[in-house]
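Hello,

Here is the structure I promised to pass on to you. Have a look at it first, and then read on for my notes.

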Amino acid sequence: MSKDIITITNNRDNKSYEFPILDASVGPSVVDISTFYKETGMFTYDEGYTSTASCQSKITYIDGGAGKLMYRGYDIAYLAKEKTFLDTAYLLLHDDLPSAEQLKAYEGEITKRSFVNEGIKKLFDSFPDQAHPMAILSAGVSALSTFYFDHLEIDDKDEYQEMSNRIVAKIPTLAAFSYRYSNGLPIIYPDMNKGFTENFLNMLRAYPHSYVDLKPIEIKALDTIFTLHADHEQNASTTAVRNLASTMAHPYAAIAAGIGALWGRSHGGANESVIRQLEMIGTVDRVDEFIAKAKDKNDSFRLMGFGHRVYKNFDPRATVLKEIRNELMTELGISSELVAVAEKIEKIALSDEYFIKRGLYPNIDFYSGLILQALKIPKEMFAVIFVIGRTPGWIAQWSELSKQKTVKIARPRQLYTGPTERTPEY
Ligand code: SDX
């Protein structure tokens, strides 16, 4: 038993109970309540886990008050500005940043696995035009498990390595194919001579036997977006992935579950919703009307791209993206009414008591949507971009749980408020 404890007294019977405090390496300690039901006969209740840790993890740390985010101890601004997405993927999956040689070898491993089994095309052919790319991508990832069905020996380092490289490498190809199929366009295969992010942009934009001009700033902007999305503690989609890991489900099934959770408008679908909302507002003279709606308790309207469960200060990823947005707009000569509307929303919200009191600041999605639009990536692909970035984080979280000495299946309890037993009428 830890020397430090929390004592809880039940004033119904004046009984007291002690629960150990476990300390973090940095950030809030936790109270271990795993014996709470056994000792008190009651459950704890915390809808949405607002104050509840679901696991121990060494991967990512967020200080929501300070607006800080670290992947395995490295600050996100350093990784976004000084490293590539594959550097960051390697860091998440191998506990440390790669040397130049390790990075070169990793890039080669990923490039050579970027093709998908041709059988996937038969599946994609069956989808209707305009099918949402997230739906196609989710089906594609699940379908991968039909080609690689051997159950993973998680303790076999090589097998685990092969699985994680395959998924990191094939998701962008499946993502690009999802877009091409959704729009009835000829698919473009990966180019073994292109880097990870350049390859993806090329598969989105190129046409057979044609050259597409990809500007270095476009590749760097998208690569940075992938890095900023790579992991984020126990968010909703990562929690879904971990839940499947706790049942020993196949990693491809776990990633498909993460895709499903991320598609939600309150989570990974927010970047698409931000652009749709900015388009709906349309002009700067209508911003005040929608700020008032966002503040109106009787109106369900919310400002997409604002607020966060953890960040009650600036989202550090938003800070990096704001710089990239401005750089990209200047370099590509883009000035749009949407940017003017977004800037007016941000200016008002950052000085309005309603938003300040609730710690509602622009989050990553408020800026990523405008950057993706500047990169000519269609709105319905925004959440897909999020999936490509988040995949190394999901795999790292899945394997961290799967490699635990004891894995407890995720099985929350509930506060039952339904009918007591009813006598059936025969
Ligand atoms: C992501 O978890 C992660 O880490 C996610 C993510 C990741 O990288 O994985 O960071 C990615 O999902 C970012 C968030 C993207 N979603 C959006 O931008 C959608 C808009 N935001 C909201 O839906 C909301 O802010 C959430 C869902 C993000 C957070 O919700 P919380 O923490 O559960 O907060 P809440 O719903 O309890 O709201 C607290 C108060 C309420 O007002 P009161 O009842 O106290 O008067 O703030 C208000 C809410 O009405 N509020 C908003 C608001 N968000 C919260 N009011 C207006 N506009 C908003 N956007």
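Leucine 303 meets the ligand through its backbone: an N or O atom there lies 2.8 Å from a nitrogen atom of the ligand. Please keep in mind that this is a predicted model, so that is how the distances should be read. Two side chains make contacts as well. An N or O atom in the side chain of lysine 297 is 2.9 Å from an oxygen atom of the ligand, and for the side chain of arginine 309 the distance from such an atom to a ligand oxygen is 3.1 Å. Taken alone, the ligand exposes 1100 Å², and the protein buries 77% of that.

Which residues come nearest to the ligand? There are 24 residues around it, and His232, Leu303, His308, Arg317 and Arg390 come nearest. Leu303 is thus one of these five as well as the residue with the 2.8 Å backbone contact. By class, the shell is evenly split: eight residues are nonpolar, eight are polar and eight are charged.

Next, the cavities. A search of the whole structure turns up two of 30 Å³ or more. The largest holds about 100 Å³ of space. Its lining is made of 15 residues, and those closest to the centre are Ile110, Ser114, Ala169, Phe196 and Asn199. Three helices each supply at least two residues of this lining: helix 4 (100-112), helix 7 (157-182) and helix 8 (196-205). Which of them gives the largest share? That is helix 8, with four residues. The lining of the largest cavity divides into eight nonpolar, five polar and two charged residues.

The second largest cavity contains about 30 Å³ of space. Its lining consists of Phe85, Val168, Ile171, Pro172, Phe196, Ile388, Thr391 and Pro392. Helix 7 and helix 18 (382-402) are the elements that give two or more residues to this lining. By class, seven of the lining residues are nonpolar, one is polar and none is charged. If you are looking at both cavities, Phe196 is worth selecting: it lines the second largest cavity and is among the residues closest to the centre of the largest one. Helix 7 also appears in both places, with at least two residues in the lining of the largest cavity and two or more in that of the second largest.

Finally, the sheet at the start of the chain. Three strands form an open sheet in the order 1-2-3, with antiparallel pairing. Strand 1 (5-10) and strand 3 (30-31) are the edge strands, each pairing on one side only. Strand 1 is joined to strand 2 (residues 15-22) by six bridges. Along this antiparallel pair, isoleucine 8 has tyrosine 17 of strand 2 as its bridge partner, while asparagine 10 stands opposite lysine 15.

How many residues lie between strand 1 and strand 2 in their hairpin? The answer is four, and asparagine 14, which sits in the turn, has a positive phi of about 60 degrees. On the other side of strand 2, two bridges join it to strand 3, again in an antiparallel arrangement. There, leucine 22 has valine 30 in strand 3 as its bridge partner.

That covers the ligand site, the two cavities and the sheet. I hope the notes are handy while you look around.

Best wishes

Definitions and conventions
Residues are numbered from 1 along each chain as its sequence is written. This is a predicted model: local features need pLDDT of at least 70, side-chain atom pairs count only at pLDDT 80 or more; totals for chains, interfaces and linings use all residues. Side-chain values use heavy atoms; hydrogens and water are left out. Two strands pair if DSSP finds at least two bridges between them. A residue is near a molecule or strand if one of its heavy atoms lies within 4 Å of it. A polar contact is a pair of N or O atoms within 3.5 Å; within protein, one must be able to donate a hydrogen and the other to accept it, and residues adjacent in sequence count only if both atoms are side-chain atoms. Accessible areas come from the Shrake-Rupley method with a 1.4 Å probe; for residues, only the protein chains shown count as cover. Ala, Val, Leu, Ile, Met, Phe, Trp, Tyr, Cys and Pro count as nonpolar, Asp, Glu, Lys and Arg as charged, and the others, Gly among them, as polar. On a 1 Å grid over the protein atoms alone, a cavity is a set of points where a 1.4 Å probe fits but cannot get out, and a pocket is an open set with protein on both sides within 12 Å along at least five of seven lines; lining residues have an atom within 4 Å of a point. Grid points are joined across faces, edges and corners, and a volume is the space filled by probe spheres set on the points.
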